[in-house]
Amino acid sequence: MRRLPELGKRTVHDLEIPAGERVLARVDFNVPLEGGRITDDSRIRAALPTIELLLERGARLILCSHLGRPKGRDPETSLRPVSSRLGELIDAPVHQAPEVIGPEVRRGVDRLAAGSVLVLENTRWERGETENDPALSEELASLAEAYVDDAFGAAHRAHASTVGVPEQLRPAVAGLLLEREVTTLRGIVESPQRPLVVVLGGAKVSDKIALIDKFLDTADALLIGGAMCFSFFRAQGIPTGDSLVEDEGVELARRALEKAESSDCRLVLPVDLVLGDRFDADAERRDHDGTDVPDGWMGLDIGPRSTQAYADEVSGAGTVFWNGPMGAFELAPFAAGTRGVAEAVAAAPGTTVVGGGDSAAALAEFGLADRVDHLSTGGGAALELLEGKPLPGVEVLDDA
C-alpha cells in the first residue's frame with residue numbers, strides 16, 4: 001500500500017500530560033464472554049499500546065467501554081473479567097469501579113495514583129449512553145482533564161462516551177489504534193497498491209450493498225461468497241433450492257450486476273458449491289459442480305474450483321480486503337471455502353486487510369490472525385468508513 005492518508009486529527013502523541021493528570025480513555029473492551037471467562041482478548045491487546053503510552057507518561061488513567069447490549073445494570077456484562085485480564089497484561093495496578101458514574105467512582109478517581117488504571121463499569125449500564133445524554137456526558141467528562149478515543153469499534157456510534165464527552169472535554173485526541181484503523185482503511189479506498197481485490201461474504205446483500213457499490217467504482221476485482229451469492233444467482237434466474245436468499249437482496253444484486261457490466265471492476269461469483277440437505281454439522285453433504293441448487297438442498301459453502309479461483313485472485317493482488325465468510329464455516333463440513341480464502345489471504349504477498357466480525361473469528365479459528373497486515377477491531381465501523389460515511393467518534397476529535 002502506498003503512503004497512508006493522514007488522520008487529520010490530533011493523536012495521543014500530541015497530548016501533553018503533566019504527571020498525575022487524569023485522562024479518560026474510551027476503549028473497546030467488548031470481548032466475548034462464556035461463563036464469565038474471556039474467550040478472545042484480542043480487543044484488550046489491541047488497546048495496550050495506547051494504555052501503556054499514557055501510563056509511561058504518568059497519567060492517572062480512567063478507562064470506559066461498553067460490553068454487550070445490556071438494558072441497564074447486568075452483572076453478567078460487568079467489566080470485572082476485563083479488568084482482571086488487563087491487570088495480567090500490563091505492569092501497572094488496575095482497579096475496577098463499581099459503577100459508571102457516582103460518588104464511589106469519584107472517590108476511586110481521587111484515590112488513583114499516577115501510572116495506575118481505574119476501569120469504569122459497562123457504559124451501557126447507563127441508559128443515557130446510547131442516547132448520548134448530556135448529563136451523563138458531563139458527569140463522565142468531569143472525571144478527567146483530557147480525553148483519548150481508542151475505540152474504533154464504537155466510532156460509528158454517536159454515544160455519550162464517544163461523542164458527548166469529547167464535546168465537553170478538551171483536549172480530545174485519537175489513540176494509536178484508532179489512528180491506525182482509520183488511516184489503514186482509508187488507504188484501501190484512496191491509495192491501494194494495484195490490483196485491489198475485495199472478497200465479500202456473509203448472509204445479506206443489503207448489509208454490504210453500499211460497499212459493493214463503492215468497490216465496483218474503485219476495486220479491480222470483487223469476489224462474492226457466502227449466502228449472499230444466492231441473491232445474485234436468483235437475480236440471474238438460477239435455481240437456489242432451499243438456500244438462504246434475502247428477498248430484498250435480489251433486486252439489489254440485480255442492480256449490482258447491471259453496474260458491473262459497465263465497470264472496470266470484475267464482479268466474480270462462485271462457479272461451484274458445497275450443498276447440504278439442512279443447516280447442520282451432521283447434514284448430508286454433496287459437492288456440486290455448478291450453481292443451480294436442486295430442491296431439498298441448500299448451498300452452504302463455495303466449492304473447490306471457486307475456492308482455488310478466489311485464492312489465485314488474492315495471491316496476485318497488490319492489496320486485499322476481506323470481509324465475511326464464504327460459507328457456514330462454523331459447521332466443519334462446510335468450512336473449506338472460508339479456510340481456503342483465509343489461507344490465501346494469510347499467504348498473499350500484497351497488503352492484506354481483514355474486516356472484523358466473522359472474518360476475524362475465522363482467522364482466529366484457523367490460527368492465521370497474526371498472518372495478515374491489519375485485522376480490524378471494528379466490523380460496522382470499518383464498513384461505514386469504507387463506504388465513505390463520516391464516523392462521529394472521529395469527527396468530534398481535535399483537528400490536527
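**Helix pairs and sheets**

Student: Why are helix 1 and helix 2 called oblique to each other?

Tutor: Their packing angle is about 60°. Angles under 35 degrees count as roughly parallel, over 145 as roughly antiparallel, 65 to 115 as roughly perpendicular and the rest as oblique. About 60° falls in the rest, so helix 1 and helix 2 are oblique. Note that this is a predicted model: local features need pLDDT of at least 70, side-chain atom pairs count only at 80 or more, and totals for chains, interfaces and linings use all residues. Numbering starts from 1 along each chain as its sequence is written, and side-chain values use heavy atoms, without hydrogens or water.

Student: What makes these two stretches helices, and where do they lie?

Tutor: Helix 1 covers residues 42–56 and helix 2 residues 80–89. Both are DSSP runs, numbered from the N terminus (helices H or I, at least four residues; strands E, at least two). Their axes are 11 Å apart. The axes are lines fitted to C-alpha atoms, for helices over the stretch in contact, and angles run from 0 to 180 degrees between N-to-C directions.

Student: Which hand does the crossing of helix 1 and helix 2 have?

Tutor: Right-handed. The near helix is turned clockwise from the far one; anticlockwise by less than a right angle would be left-handed.

Student: Which residues make the contact of helix 1 with helix 2?

Tutor: Helix 1 gives Ile 44, Arg 45, Leu 48, Ile 51 and Glu 52; helix 2 gives Val 82, Arg 85, Leu 86 and Leu 89. Contact means heavy atoms within 4.5 Å. The residues divide into six nonpolar, no polar and three charged. Here Ala, Val, Leu, Ile, Met, Phe, Trp, Tyr, Cys and Pro count as nonpolar, Asp, Glu, Lys and Arg as charged, and the others, Gly among them, as polar.

Student: How do you know that helix 4 and helix 5 are roughly perpendicular?

Tutor: Helix 4 (residues 134–141) packs on helix 5 at about 70°, with axes 8 Å apart. That angle lies in the perpendicular range, which is why the term applies. The crossing is right-handed. Pro 134, Leu 136, Ser 137, Glu 138, Leu 140 and Ala 141 of helix 4 meet Ala 160, Gly 164, Val 165 and Gln 168 of helix 5. By class, six are nonpolar, three polar and one charged.

Student: What does helix 5 lie across?

Tutor: Helix 5 (residues 160–168) lies across strand 1 (22–26), strand 4 (60–64), strand 7 (146–149) and strand 8. Helix 5 runs at about 150° to strand 7.

Student: In which order do the six strands of the open sheet run?

Tutor: The order is 5-6-4-1-7-8, with parallel pairing. Two strands pair if DSSP finds at least two bridges between them.

Student: What makes strand 5 and strand 8 edge strands?

Tutor: Strand 5 (94–96) and strand 8 (172–174) each pair on one side only. The twist averages 25° from one strand to the next.

Student: How do you know that strand 5 pairs with strand 6?

Tutor: Three bridges join strand 5 to strand 6 (residues 117–119). The rule asks for at least two, so they pair. His 95 stands opposite Leu 118.

Student: Why do strand 13 and strand 14 have one side without a neighbour?

Tutor: They belong to an open sheet of three strands, in the order 13-12-14, with antiparallel pairing. Strand 13 (285–288) and strand 14 (298–302) stand at the edges with a single partner each, so one side of each has no neighbour in the sheet. Four bridges join strand 12 (residues 273–276) to strand 14.
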